[in-house]
Amino acid sequence: MMKKNFYSLLLLLLIPTILVSQVEEVAAPDFIKTIKFKSNTTQGQLPILRLGEPLILEFDALNANEEDFYYVIEHFNFDWTPSVLAKGEYLKGLDNQRILEYYNSFNTYQVYSHYKLQIPNIQTRKLLKSGNYMISIYDDYDELMFSRKFMVYEDLVNVGAKVKRSRDVKVIAEKQSVDLVIATNSINFNNPLETIKTLIIQNNNLNTSIDDLKPQYTLGNELIYRYDTESAFWGGNEYLYFENRDVRTSNIGVQFIDLKDIYQSYLFTNSPRTGRPYTYNPDLNGNFQITANERVENIDIEADYTMVHFSLLQPELKDKDIHIYGNFNAFAIEPLTKMSFNSESGKYETSMRLKQGFYNYKHVVVDKKTGQLDEGAISGDYWQTENNYKVLVYYRDLGARFDRLIGYGESTSVNISN
């Protein structure tokens with residue numbers, strides 16, 4: 001009895017820790033591919049929606065089983081801890097419903113089913129609150145397949161962002177700094193130092209975002225953020241890219257093709273770019289877009305999958321791994337993205353099954369012991385790099401129960417200044 005009471009007490013002590021833990025996205029299994037949100041863009045990128053805008057989630061299942069999938073939507077605080085709101089407070093209608101719309105592939109070597117979820121729908125009629133959300137997809141056995149974050153904002157404040165070179169002379173050639181101005185539009189926000197929080201996202205990548213900067217001073221109805229180092233990002237380099245919209249012929253970045261069970265696309269071998277002079281090369285800032293040749297009428301089900309072969313001419317790194325990195329899998333580091341060193345060719349190599357399209361990617365280094373990721377170790381970091389920055393502004397009034405997302409702004413480093 002004494003041991004049982006001890007374990008009960010231990011569980012009670014652990015419950016608060018469990019309840020306030022931050023949620024992380026769950027990567028999809030190998031048979032689920034091409035997860036993308038579509039709202040106001042055709043690119044696969046981080047979904048940031050105005051309250052009331054529709055949300056469209058699409059993905060492919062490559063196991064040809066026509067499985068049933070279900071979706072669950074949850075609301076979170078600014079720091080991605082679960083909010084205390086009940087389901088009915090942020091959702092009108094029901095979730096935990098089956099995705100009804102799906103189509104089987106047509107005239108492709110790779111057989112797959114294409115699933116499409118649109119919100120609002122008959123079951124899930126409306127998202128009622130702004131803030132952070134997570135959508136989770138489950139199979140018929142209630143096993144979590146994958147989850148993705150998205151944000152819903154209210155347009156209550158104006159958010160201005162300007163990209164400048166780093167003010168730290170030690171990294172002035174490698175970093176970019178983001179200055180913010182939040183115009184409150186005559187709205188009286190209580191104690192903005194404590195109630196307003198910000199999030200700055202570079203190239204739709206939540207993994208490298210900078211959060212919770214405090215306004216340094218107030219000028220009229222404007223909150224001013226002009227930090228020297230706290231709002232600085234590594235500049236990185238332009239993403240590498242390839243296009244395989246026509247699986248039968250070589251396209252941009254594709255050296256040659258072959259046909260086995262499916263088409264094989266062999267990309268040109270890349271070399272490290274760090275230490276080389278910066279070269280402007282327009283990209284999608286890590287995103288991807290599904291495309292196919294003119295003969296394809298319905299890209300969703302007629303675009304085929306190819307095995308894409310990557311290679312990097314790089315001496316072996318004993319204590320580090322090299323991964324393929326991009327928004328094709330929400331910038332996740334996973335076994336599928338890991339490259340293996342081929343001692344015969346002297347190259348790092350890997351292959352991935354990807355749908356026809358235009359893809360951005362880069363090679364990143366991950367420390368085997370610490371798991372720390374270094375984007376610039378192979379690609380380099382340059383202050384001139386064209387990067388996209390998104391700024392989210394959250395507000396929780398004194399005594400409020402959740403964090404509202406009250407403003408959204410966007411800028412690029414195209415016109416970066418000193």
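These legends walk through several close-up views of a predicted model.

**Figure 1. How confident is the predictor along the chain?**
Let us start with confidence before looking at details. The protein chain has a mean pLDDT of 90, and 94% of its residues reach 70 or more. Residues 1-19 are a stretch to treat with care, since pLDDT stays under 50 there. For this stretch the model has one contact beyond four places in sequence. Where pLDDT is low, the predicted coordinates should not be read in detail.

**Figure 2. Five strands lie side by side in an open sheet**.
Follow the strands across the sheet and you read the order β2-β11-β10-β4-β6, with mixed pairing. Which strands stand at the edges? They are β2 (48-50) and β6 (97-98), and each has a single partner strand, so one side of each is left without a neighbour in the sheet. Elsewhere in this sheet, β10 (residues 131-139) runs antiparallel to β11 (residues 144-153), and eight bridges pair them. To find one of these bridges, look for Tyr138, whose partner in β11 is Leu144. Strands of a sheet pair through backbone hydrogen bonds, either parallel or antiparallel.

**Figure 3. Strand β1 is mostly covered and pairs with β3**.
How many of the seven residues of β1 (residues 32-38) are buried? Six of them are, so-called "mostly covered" in this view. Strand β3 (residues 55-61) is an antiparallel partner of β1, and five bridges connect the two. One place to begin is Ile32, which has Ala61 of β3 as its bridge partner.

**Figure 4. Lys87 and Asp95 form a salt bridge**.
A search of the whole structure finds 18 salt bridges, and this view shows one of them. The side chains of Lys87 and Asp95 come together at 2.8 Å, N to O. Are the two partners buried or exposed? Lys87 has a relative accessible area of 32%, so this residue is partly exposed. Asp95 is at 11%, which means that this residue counts as buried.

**Figure 5. Glu316 and Lys318 form another salt bridge, beside Leu317**.
Here the N to O distance between the two side chains is 3.5 Å. Glu316 is partly exposed because its relative accessibility is 41%, whereas Lys318 is exposed because its value is 65%. Leu317 is found in the loop between β23 and β24 (320-325). With 23% relative accessibility, Leu317 is partly exposed. Leaving aside residues up to four places away in sequence, Leu317 touches Ile322, Tyr348, Val365 and Lys368. For a sense of scale, Gln255 is 62 residues from Leu317 in sequence and 26 Å from it in space, C-alpha to C-alpha.

**Figure 6. Lys362 takes part in a salt bridge and lies over a ring**.
Glu375 and Lys362 join their side chains in a salt bridge of 3.3 Å, N to O. Glu375 is in the loop between β28 (373-374) and α5 (376-379), while Lys362 is in strand β27 (residues 358-367), so the pair ties together parts that are 13 residues apart in sequence. Both residues are buried: Glu375 has a relative accessible area of 17%, and Lys362 has 2%. Salt bridges that share partners also form a network, which joins Lys164, Arg167 and Asp179. Now turn to Tyr239: Lys362 lies over the face of this ring, 4.4 Å from its centre. Another lysine, Lys175, lies over the face of Trp234, at 4.5 Å from the ring centre.

**Figure 7. Aromatic rings meet edge-to-face**.
The model holds 25 aromatic pairs. In the pair of Phe78 and Tyr394, the ring centres are 4.9 Å apart and the planes stand at 70°, so the rings are edge-to-face. This pair links distant parts of the chain, 316 residues apart: Phe78 is in the loop between β4 (69-76) and α2 (87-90), and Tyr394 is in strand β29 (residues 388-395). Phe78 and Tyr394 are both buried. The rings of Phe310 and Tyr361 have their centres 5.0 Å apart and their planes at 75°, so this pair is edge-to-face too. Phe310 sits in strand β23 (residues 305-313) and Tyr361 in strand β27, 51 residues apart. These two residues are buried.

**Figure 8. Five aromatic residues gather in a cluster**.
Ring pairs link Phe59, Phe69, Tyr102, Tyr115 and Phe146.

Terms used:
Residues numbered from 1 in each chain as written. Predicted model: local features only at pLDDT ≥ 70, side-chain atom pairs only at ≥ 80, totals over all residues. Heavy atoms only, no water. Salt bridge = Lys/Arg side-chain N within 4 Å of Asp/Glu carboxyl O. Buried < 20%, exposed > 50% of the residue type's maximum accessible area, 1.4 Å probe, protein only. Helix = DSSP H or I, 4+ residues; strand = E, 2+ residues; numbered from the N terminus. Pairing = 2+ DSSP bridges. Phe/Tyr/Trp six-rings, centres within 6.5 Å; stacked < 30°, edge-to-face > 60°. Lys NZ or Arg CZ within 6 Å of the ring centre and 35° of its normal. pLDDT = per-residue confidence, 0-100. Contact = heavy atoms within 4.5 Å.
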